[in-house]
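Colleague: Before we go through this model, I would like to settle a few terms and then ask about individual parts. Please reason each answer through and end on the value or name I asked for.

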Amino acid sequence: FRQIDIDTELVTPTGAAIIAELAEEFTTLPAMKVQKIGWGTGSKELKIPNVLKVYCGEIEQPETDIVVMETNIDDCSGEIMGYVQELLMAYGALDVFYTPIYMKKNRPGYCLSVICREERMSLLQKLIFRETTTIGIRYRYEHRAELPREIVEIDTKYGKIKGKKVIHDGETYLYPEYESIKESAEKNGIPLKKFYRLE
């Protein structure tokens with residue numbers, strides 16, 4: 001709530017109950033694509049305009065800060081690097097990948113890149129130092145625009161699979177989750193690519 005200098009009730013118990021149920025926070029008007037605007041006027045004489053304005057629209061998703069950590073490795077086995085990738089993902093990395101590079105003395109190596117939230121950075125750094133042969137990690141902050149998404153179950157003729165529901169510009173897209181369709185493909189004895197063509 002916010003206190004203002006008007007000596008009368010401005011919110012009815014019913015109005016307060018509706019707001020408490022629907023609102024997630026009290027803040028300034030967020031950036032949004034407005035679809036509808038409604039106005040309502042009250043009967044009380046106040047020293048400010050006694051009107052209510054309601055916006056209906058789609059909130060634009062703000063860019064979020066992420067951390068990108070990188071380190072070059074040329075003396076670590078492929079088995080260890082594969083294990084480290086799985087471990088980092090299990091402990092909260094948003095993405096982990098390797099890029100082939102050539103290092104000093106023309107030695108082939110890999111650049112390990114880890115994308116994470118700032119609160120996970122310290123833990124993931126400890127894992128990299130503990131599990132690999134690197135002795136230094138670079139990091140930088142970057143902006144990332146993210147679409148709203150949720151994990152949903154999708155009914156198919158091969159049974160239920162998990163998918164990612166993504167919303168962009170009023171359009172909804174469904175993307176199947178790899179592990180889920182892999183399991184279903186093995187169980188039903190069908191090619192994995194069939195799941196990407198399902199309507």
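Modeller: Rings of Phe, Tyr and Trp, the last by its six-membered ring, pair if their centres lie within 6.5 Å; planes under 30 degrees apart count as stacked and those over 60 as edge-to-face. Keep in mind that this is a predicted model.

Colleague: How many aromatic pairs does a search of the whole structure find?

Modeller: The ring centres must lie within 6.5 Å for a pair to count. With that cut-off, the number of aromatic pairs found in the whole structure is three.

Colleague: Which kind of aromatic pair do Tyr 98 and Tyr 110 form?

Modeller: Tyr 98 lies in strand S4 (residues 95–102) and Tyr 110 in strand S5 (residues 108–116), so the pair ties together parts that are 12 residues apart in sequence. Their ring centres are 6.3 Å apart and the planes make 80 degrees. Planes over 60 degrees apart fall in one class, and the pair of Tyr 98 and Tyr 110 is accordingly edge-to-face.

Colleague: And which kind do Tyr 173 and Tyr 175 form?

Modeller: Tyr 173 is partly exposed at 35% relative accessibility, and Tyr 175 is partly exposed at 44%. The two rings are 6.5 Å apart, centre to centre, with 15 degrees between the planes. The cut-off for the class is under 30 degrees, and the pair of Tyr 173 and Tyr 175 is stacked.

Colleague: Is Tyr 110 buried, partly exposed or exposed?

Modeller: Its strand, S5, is mostly covered, with seven of its nine residues buried. Buried means under 20% relative accessible area and exposed means over 50%. Tyr 110 has 36%, so the class of this residue is partly exposed.

Colleague: How many bridges join S4 to S5?

Modeller: S4 and S5 form a hairpin with five residues between them. The two strands run antiparallel, and in S5 the bridge partner of Asp 95 is Ile 115. The number of bridges joining S4 to S5 is eight.

Colleague: Which residue in the loop between S4 and S5 has a positive phi although it is not a glycine?

Modeller: In the turn of this hairpin, Lys 105 has a positive phi of about 60 degrees. Asn 106 is also found in the loop between S4 and S5, and has a relative accessible area of 65%, so this residue is exposed. With a positive phi of about 60 degrees in a residue that is not a glycine, the one to name is Asn 106.

Colleague: What is the order of the strands in the open sheet of three?

Modeller: The pairing in this sheet is antiparallel. Strand S7 (149–156) and strand S9 (171–176) each have a single partner strand, so they stand at the edges, with one side of each left without a neighbour in the sheet. Neighbouring strands are turned by 40 degrees against each other on average, direction ignored. The order is S7-S8-S9.

Colleague: Which residue in S8 is the bridge partner of Arg 149?

Modeller: S7 and S8 form a hairpin with two residues between them. Eight bridges join these antiparallel strands. The bridge partner of Arg 149 in S8 is Val 166.

Colleague: Which residue in S9 is the bridge partner of His 168?

Modeller: Strand S8 (residues 159–168) runs antiparallel to S9, and six bridges join them. In the loop between S8 and S9 sits Asp 169, a residue other than glycine with a positive phi near 55 degrees. The bridge partner of His 168 in S9 is Glu 171.

Colleague: What angle does helix H4 make with S8?

Modeller: Helix H4 (residues 178–188) packs on the sheet and touches S8 and S9. The direction of H4 makes with that of S8 an angle of about 155 degrees.

Colleague: How far apart in space are Val 84 and Ile 128?

Modeller: Val 84 is found in helix H2 (residues 78–90) and is buried, with a relative accessible area of 2%. Beyond four places away in sequence, Val 84 touches Tyr 98, Glu 131 and Thr 132. Val 84 and Ile 128 are 44 residues apart in sequence, and their C-alpha to C-alpha distance is 7.4 Å.

Colleague: What radius of gyration does the protein have?

Modeller: The C-alpha atoms fill a box of roughly 80 × 50 × 25 Å along the principal axes. Buried residues make up 23% of the 199 residues. A compact globule of 199 residues would have a radius of gyration near 16 Å, but the protein has 26 Å.

Note on methods: Residues numbered from 1 in each chain as written. Predicted model: local features only at pLDDT ≥ 70, side-chain atom pairs only at ≥ 80, totals over all residues. Heavy atoms only, no water. Pairing = 2+ DSSP bridges. Helix = DSSP H or I, 4+ residues; strand = E, 2+ residues; numbered from the N terminus. Axes fitted to C-alpha atoms, helices over the stretch in contact; angles between N-to-C directions. Contact = heavy atoms within 4.5 Å. Buried < 20%, exposed > 50% of the residue type's maximum accessible area, 1.4 Å probe, protein only. Rg over C-alpha atoms; globule rule 2.2 N^0.38 Å.
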